[in-house]
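Subject: Structure for you to look at

Hello,

Here is the structure I promised to pass on. Please open it alongside this message; my notes follow below.

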Amino acid sequence: RRINWLIPLPIITLVWVNLHAGYFLGLTVIGIYIAGDLIEYVIAIIKKTQIPKTPTLNMILFLCSVLIISVLATTINPNGIHILLYPFQTLTSQAMQQFIYEWFSPDFHLLEWQPFVWFLLVMIGVGMFGKKHLSLTKLLLTLFFGYAALHSMRHVPLFIIVASPILAEMLDNLIRIRSSNTAPVGFLKWLLPILPICAFLITSIRFMQVVRGQAESEAKNFPKNA
């Protein structure tokens, strides 16, 4: 809700569009926020219940202006306005969908995709037991990126980036609902440093496995006496 955090978005989009075609995701996220805020605003008018967190019309209009300026910023690139069509051409390309591995859906029979499955299950479980509902915008973000992740494995990291803070909020609400006391501060003091350490170790192990697998594959394909 702070305007000064939104002002850099067109500049970020300008840099992004000249680096990678994934810039369209930035515009999509802004659009989802506009849609969610607009629906919540209309519901508040219909129910005539204005709560402090309900988005105001000025906030929605400002966000719309940020989106328009960001779209205009995308045209500042070597391909000009044609860059706006490229993401749709990629998503509708049958060759990419059928022959490029990263566009395939995740294979949940493989062990490497089990953390993603459990992440989804935890989100569903916490959502069922928690009594405090998510905002409509966060729900739309979860559904959009969740569908994208299930459709193509290349979108799974994007879903995790979007859904992790949402899951953290859901877990926080669940803890506060289930416990009459405040969160165990002493427990969190040692838990918070351990989590990034575990994430680093898991990432390092996985990196070493990939490097070793590539080395073995190259050794098989290119023997020393070749």
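Is Thr74 buried or exposed? Thr74 is buried, because its relative accessible area is 0%, and the cut-off for buried is under 20%. Please keep in mind that this is a predicted model.

Thr74 belongs to helix H3, which covers residues 57–74. Leaving out residues up to four places away in sequence, Thr74 touches Thr13, Val17, Tyr23, Leu27, Gly80, Ile83 and Leu84.

Overall make-up

The chain has 9 helices and 0 strands. Read along the sequence, the pattern is α-α-α-α-α-α-α-α-α. Of the 226 residues, 26% are buried. The chain exposes about 16100 Å², and carbon and sulfur atoms supply 72% of that area. Among contacts between residues at least 6 apart in sequence, 71% join residues at least 24 apart.

Confidence

The average pLDDT of the chain is 83, and 88% of the residues score at least 70. Confidence is highest in helix H1 (residues 9–17), at a mean of 95, and lowest in helix H9 (residues 185–221), at 75. Where pLDDT is low, the predicted coordinates should not be read in detail.

Nonpolar cores

Which residues of the largest nonpolar core touch the most other members? They are Phe116, Phe119, Met123 and Phe159, in a core of 18 residues. Helices H6 (114–129), H7 (136–151) and H8 (156–178) each supply at least two residues of this core. The largest share comes from H8, with 8 residues. Apart from this core lies another, of 6 residues, which includes Ile34, Tyr41, Ile60 and Leu63.

Back in the 18-residue core, Phe119 is worth selecting in your viewer. Residues up to four places away in sequence aside, Phe119 touches Phe159, Ile160, Ala163, Ser164 and Leu167.

Thr142 sits in helix H7. Thr142 is buried, since its relative accessible area is 15% and the limit is under 20%. Beyond its neighbours within four places in sequence, Thr142 is in contact with Met123, Phe159 and Ile166. Met123 and Phe159 are among the core residues named above.

Salt bridges

How many salt bridges are there? The count comes to 2. Side chains of opposite charge can pair when their charged atoms come close.

One of them joins Arg154 and Glu102, with the closest N and O atoms 3.3 Å apart. Arg154 lies in the loop between H7 and H8, and Glu102 in the loop between helix H5 (94–99) and H6, so the pair ties together parts that are 52 residues apart in sequence. Arg154 is partly exposed, with a relative accessible area of 31%. Glu102 is also partly exposed, at 36%.

The side chains of Glu169 and Lys138 meet in a salt bridge too, at 2.3 Å from N to O. This pair links distant parts of the chain, with Glu169 in helix H8 and Lys138 in helix H7, 31 residues apart. Glu169 counts as partly exposed, at 29% relative accessibility. Lys138 counts as partly exposed as well, because its relative accessibility is 26% and the partly exposed range runs between the 20% and 50% cut-offs.

Apart from residues up to four places away in sequence, Lys138 touches Ile166 and Glu169. Ile166 is also in contact with Thr142. The C-alpha atom of Lys138 is separated by 8.1 Å from that of Gly36, although the two residues are 102 apart along the chain.

Surface

Which residues make the nonpolar surface patch of about 610 Å²? Trp118, Leu121, Ile124, Met128 and Phe129 make it. Leu121 is in helix H6, the helix that also supplies at least two residues of the largest core. Leu121 is partly exposed, with a relative accessible area of 44%.

If you have time for a short look, three places cover most of these notes. Thr74 is buried in helix H3. The largest core draws on H6, H7 and H8. The Glu169 and Lys138 salt bridge links H8 with H7.

Regards

Note on methods. Residues numbered from 1 in each chain as written. Predicted model: local features only at pLDDT ≥ 70, side-chain atom pairs only at ≥ 80, totals over all residues. Heavy atoms only, no water. Helix = DSSP H or I, 4+ residues; strand = E, 2+ residues; numbered from the N terminus. Buried < 20%, exposed > 50% of the residue type's maximum accessible area, 1.4 Å probe, protein only. Contact = heavy atoms within 4.5 Å. Core = buried A, V, L, I, M, F, W, Y, C linked by side-chain atoms within 4.5 Å. Patch = residues over 30% accessible without salt bridge, like charges linked within 9 Å, V, L, I, M, F, W, Y side chains within 5 Å. Areas by Shrake-Rupley, 256 points an atom, 1.4 Å probe, with all protein chains shown as cover. Salt bridge = Lys/Arg side-chain N within 4 Å of Asp/Glu carboxyl O. pLDDT = per-residue confidence, 0-100.
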